[in-house]
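Reader: I'm new to this one and would love a close look at a single part. Could you show me the structure before I pick a spot?

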Amino acid sequence: MFGSGPQACEERRRPRAERRQWRKERRRPGPPGPYVLLPWLLLGLGAFSNLFTDETSNPWIGGLGLFSFNTLYIAVVFRGFYKRTRESAFTYVLLAALAAITLGLAIGYGGSWLLFFPLLSLACGTILRNRWLALGLLGLAVLACLVAVWRGDSASTPWTLGYGTFISGAVTAALLTLSETVMELRSTRQELARTAVEKERLRFSRDLHDLLGHTISVIVVKSEAARRIAPHDMDQALQQVADIESVGRQALTEIREAVTGYREGSLATELDRARSALTAAGMEPTVRRSGPPLSPQTEALLGWVVREAVTNVLRHSSATACAFVIDGTPDRARLTVTDDGRAPAAPPAPGIGGTGLRGLTERLAAAGGSLEAGPGPGGGFVVTAELPADALVEPDGNPVTGPVR
C-alpha cells in the first residue's frame with residue numbers, strides 16, 4: 001500500500017532525484033529502535049514455564065508479577081529512546097516500579113526469576129546516563145549477586161549473574177550513546193554543508209550585485225556624457241562610447257572572476273576607474289596618497305570602499321568635486337572620500353547608510369576595521385574607512401575581498 005501522512009506527502013512533493021537522495025539518507029544506519037530490546041524478554045521463558053509446574057508457589061501471583069514486569073519493561077524501553085520522555089519524572093517512576101517488581105520476584109522465587117536482573121539492567125541502560133548509569137549498574141550488579149547468594153538456587157554462579165547484569169546495561173547504554181552521537185554528527189555535517197552553500201551563494205550575490213551596480217552606474221554616466229557631447233564634439237563622444245565598451249568588457253571579466261571566486265580588487269585600479277567615471281560626470285576628482293605600503297588584502301578592501309563611495313556620489317550627490325585621501329601609520333590605514341554635493345536631510349548614524357555602506361561596515365569590522373559615513377562639517381558627504389595595515393582574513397583562509405550587501 002502507498003504510504004500516508006506528512007512524511008509520505010513530503011516525499012511525493014520532491015523531484016525524483018531528490019526523493020532518491022532523501023530515501024538514501026533515511027536508510028543510513030542510525031540509532032536502533034526500541035524493538036531491538038524486546039526479544040530479550042525471552043529470558044523470562046524459564047520463569048513463564050515454572051508457572052505451569054509445581055516449581056512455583058502461588059502461580060497467580062507469579063503470573064501477575066511476570067505480566068507487570070513485561071508491561072513496565074516495554075513502557076520503559078520505548079520511553080528511553082526519546083530524549084523528552086527519557087528525562088521525564090514519570091519514566092523514572094516506571095523504572096523504580098520495574099526495579100521493585102524485579103527484586104520481589106527474584107527474592108520470592110529465585111532460580112530462573114533471577115534472570116530478570118539483566119533485563120532490568122537493559123532498561124536502566126536506555127534511561128540512565130553519565131554517573132547515574134555507573135552507580136545504578138554497579139548497585140544492580142551487587143544486588144543481583146547478593147540475592148543469588150541468599151537464594152542459593154541460581155542457574156549460574158552469583159558473580160556470573162552480577163557480571164551479566166552489569167555488562168547488559170553498560171553495552172546497551174554505550175551503543176545507544178554512540179548511535180545518538182553519530183546522528184548528531186551527521187546532522188551537524190549536513191548543517192555545515194548547508195551553511196557552506198549559503199555562504200558561497202551569498203558571496204556570489206554580493207560580488208555580482210556590487211559589480212553590476214557600479215558598472216551600470218558608470219555606463220549610465222558615460223552614456224549621458226556621450227549624448228551631451230555628441231552635438232558639439234563627435235570625437236569626444238566616440239571616446240566616451242569607447243570607454244563604455246571598455247567598462248562593459250571589464251565587467252564581463254570581473255563577473256567571470258567573481259563566479260570562480262578568484263576576484264581580488266586593486267586600490268589603484270579602482271582609483272583610476274573613479275577618476276574616469278567622475279570626470280565623465282563633470283566632477284573634478286583629486287587623489288592624495290601617503291603613508292607606508294599596504295597589504296594586498298587591505299588594498300582590496302579599500303578598493304571596494306572607493307567603488308561603493310563613487311557609486312553613491314554618481315547616483316545621489318550632484319557634486320562637482322570628489323577627493324580621495326589615503327594615509328595612515330605603519331599599523332593602520334585610512335581612506336577618506338569627500339564630495340561637495342548635497343548631504344541627506346537627516347544625518348545617518350556613523351557607518352550606516354544604504355545597503356552598500358551597511359555591508360561595508362560589517363565587512364570592515366570583520367577585518368578589524370571600521371567605516372563611518374555622514375555629512376561633512378563643511379557640507380557634502382564624507383566616507384571614512386580605517387583598517388589594519390595587514391587586514392584580517394575570513395575563517396576559511398580567503399582574503400576579505402568583497403563587501404557584504
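Reader: How many bridges join S4 to strand S5, and do the two run parallel or antiparallel? Please take me through that part slowly, and then through helix H7 too.

Author: Sure, and keep in mind that this is a predicted model. S4 and S5 (residues 381–388) are joined by 6 bridges and run antiparallel. One of the pairings to look for is Pro375 with Phe381, its bridge partner in S5. In general, strands of a sheet pair through backbone hydrogen bonds, either parallel or antiparallel.

Now step back to the whole sheet. It's an open one with 5 strands, in the order S1-S2-S3-S5-S4, and its pairing is mixed. S4 (370–375) is an edge strand, as is S1 (284–289), and each of them pairs on one side only. On average, neighbouring strands here are turned by 10 degrees against each other, direction ignored.

On to H7, which covers residues 116–127 and packs with H8 (residues 130–151) at an angle of about 175 degrees, their axes 10 Å apart. Angles over 145 degrees count as roughly antiparallel, so that is how H7 lies to H8. Where they meet, H7 brings Phe117, Leu120, Ser121, Cys124 and Gly125, while H8 brings Leu133, Leu137, Leu140, Leu143, Ala144 and Val147. Of these contact residues, 9 are nonpolar, 2 are polar and none is charged.

As for length, the 12 residues of H7 should span 16 Å at 1.5 Å a residue, and the 17 Å between its end C-alpha atoms agrees with that. Finally, 12 of the 12 residues of H7 are buried, so the helix is largely enclosed by the rest of the structure. Among them are Phe116, Pro118 and Ile127.

How values were computed:
Residues numbered from 1 in each chain as written. Predicted model: local features only at pLDDT ≥ 70, side-chain atom pairs only at ≥ 80, totals over all residues. Heavy atoms only, no water. Axes fitted to C-alpha atoms, helices over the stretch in contact; angles between N-to-C directions. Helix = DSSP H or I, 4+ residues; strand = E, 2+ residues; numbered from the N terminus. Parallel < 35°, antiparallel > 145°, perpendicular 65-115°, else oblique. Contact = heavy atoms within 4.5 Å. Nonpolar A, V, L, I, M, F, W, Y, C, P; charged D, E, K, R; others polar. Pairing = 2+ DSSP bridges. Expected span 1.5 Å × (residues − 1). Buried < 20%, exposed > 50% of the residue type's maximum accessible area, 1.4 Å probe, protein only.
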